[in-house]
Amino acid sequence: MARPLNALLLARLREFFREPEAIFWVYGFPVLLAVGLGIAFRDKPPERVRVDVQVTAAAAPTGGATGDLAAGDPAAVALRTLGAAGGFDTAPCAADACHDRLRLGRTDIVVVPGAPLTYLYDPTRPESVLARARVDDALQRSAGRADALATKDDHVREPGSRYIDFLIPGLLGMNLMGGGLWGIGFVIVDMRVRRLLKRLVATPMRRTDFLLAMMGSRLIFMLPEVALLLLAGALLFGVVVKGSLLAVAAVSILGAVSFAGLGLLVACRAQKIETVSGLMNVVMLPMWLLSGIFFSSDRFPAALQPFIKALPLTMLNEALRAVILEGATLPSQWLPLAGLAAWGGVSFVLALRWFRWN
C-alpha cells in the first residue's frame, strides 16, 4: 500500500509546484487578503459625524455661501455648538436638500431646530444611530445638562481585542475550507474530465490509496499556508498567538482533514467542472455567510444558531479563535474538534463508497 500511496502523493506535489498560479492562490492570496483587510480596519481615530442642520429656504446656502443666519437663530446656535464640540462636519441646507442628502447617504443625520428639536435619521444605519447619540449629547450639554455620574474613558488597544485579531483565525479557517474543497474536489473532477482517472485505474493501486494521497497532499500544502498567515499577522499587525503553536497546528490539521473529506465527497461522482463548481458553492456559501469569518456569527437570529453551530467552518473558527486569542487547550475544545472529526470521517467513508473513476 505504501508504494502506490507514495507515488501518487509525489505526483500530486510535483503537479502543484509546476503551477505558479496555484501557489499564489494557496499561499499569496490569503496573506494579501489579511494585509488588505488589516489596513482597512486598522486602529484609527473615530470618524467625524456628518450633520446637516435644516434652515429656511431664504437662509439656505447658495453659490458656496453659508446663508444668512441671524446670531440667535436656532439653526445658527446648533451649528456653532456642534462646531465647538469637535468631531462634527456640519452644513446648513434647506429641507428638500437635507432629505435628499440623507436619502443618498451623504449625511448621517439631519437636525431640525424647533420645539421640540427633531432628528431625522435612518435607524437601520449604525452610523446614523451613533450620530444621533453624539449630536444629542453635544446639544444637551450646551443647553446646560450635567451628568449625574462621574465617568472616565479607558481605551483598550492591546493585541487580542482588535478586529485584525478576530479576523486572522477566520481567514485561516476560510483558507482551510477553500483548500479542502477547491484543492481536492476541483482537482479530482478535472482529472476525471481529462481521463486521467481512467489511466490510474490500470495501475496497481487501490481506491483508498488515491483518496488518501489527495488528502495527504492537502495536509502538506496546508502547513506553510498556516505558518505564512500567522507570521504575516504577527509581523505586520502584532497579532499574538496566546495558545500553543502545536495546538494551533493540531486544530488546523484536523480542519484540513475535515474539509478534504468534504472535497472528496463533493467530487466523488461529479463529471463536469460546472457541476462540481456549483456543488462546492452550495456547500461553501452558507459557511461564508454564517460561520463567523469576517464578523461574529452571534449576530444572526437565535433560531439559526443550532444550524450555524453544526457547520464545520463554525466549529473550526471557534476552536482556532479559542486557541489563538484565549490560549485555550485542546481538551477544552473537544466538542468542536469532535464535530470536525465527525464531518471529515463520515465524508471520507461516503466518498470511498460512492467514488467513481469515470
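User: Let's start with one ring. What relative accessible area does Phe294 have, and how do I read it?

Analyst: Phe294 has a relative accessible area of 24%, so it counts as partly exposed. The general scale goes like this: buried is under 20% relative accessible area, exposed is over 50%, and partly exposed is in between, with a 1.4 Å probe and protein chains only. Before going on, note that this is a predicted model, where local features need pLDDT of at least 70 and side-chain atom pairs count only at pLDDT 80 or more, while totals for chains, interfaces and linings use all residues. Residues are numbered from 1 along each chain as its sequence is written, and side-chain values use heavy atoms, leaving out hydrogens and water.

User: Got it. How many aromatic pairs does the structure hold?

Analyst: Rings of Phe, Tyr and Trp (its six-membered ring) pair if their centres lie within 6.5 Å; planes under 30 degrees apart are stacked, over 60 edge-to-face, and the rest tilted. The structure holds two aromatic pairs. In one, Trp288 and Phe294 are tilted, 6.3 Å centre to centre with 40 degrees between the planes. In the other, Phe295 and Phe300 are tilted too, at 6.0 Å and 40 degrees. Trp288 is partly exposed at 37%, as are Phe295 at 34% and Phe300 at 22%.

User: And how do I read strands? What covers the faces of strand E3?

Analyst: Helices (H or I, at least four residues) and strands (E, at least two) are DSSP runs, numbered from the N terminus. This protein has 13 helices and four strands. In E3 (residues 109-112), both faces are covered: Ile109 and Val111 on one side, Val110 and Val112 on the other, are all buried.

User: Which strands are joined to E3?

Analyst: Two strands pair if DSSP finds at least two bridges between them. Strand E1 (residues 49-54) runs parallel to E3, joined by three bridges, and Asp52 has Val110 as its bridge partner. Strand E4 (residues 118-120) runs antiparallel to E3, again with three bridges; there Val111 stands opposite Tyr119. The hairpin of E3 and E4 has five residues between the strands, and Gly114 takes a positive phi near 150 degrees.

User: How do I find a nonpolar core, and how many residues does the largest one have?

Analyst: Look for a set of buried Ala, Val, Leu, Ile, Met, Phe, Trp, Tyr and Cys residues joined through side-chain atoms within 4.5 Å. The largest here has 62 residues, and those with the most contacts inside it are Ile188, Leu197, Phe210, Leu264, Leu316 and Phe355. Helix H6 gives the largest share, 14 residues. Apart from this core lies another, of 16 residues, including Val51, Val55, Leu79 and Tyr119.

User: What about disulfides? Which cysteines form one?

Analyst: A disulfide is a covalent bond between the sulfur atoms of two cysteines. The rule is a pair of cysteine sulfur atoms within 2.5 Å, and by it the count is one. That is Cys93 and Cys98, with sulfur atoms 2.0 Å apart. The torsion about the S-S bond of Cys93 and Cys98 is about 110 degrees, so the disulfide is right-handed. Cys93 is buried at 7%, and Cys98 is buried at 0%.

User: One last residue: is Ser347 buried or exposed?

Analyst: Ser347 lies in helix H13 and is buried, at 4% relative accessible area. Contact means heavy atoms within 4.5 Å. Leaving aside neighbours within four places in sequence, Ser347 is in contact with Gly261, Leu262 and Leu265.
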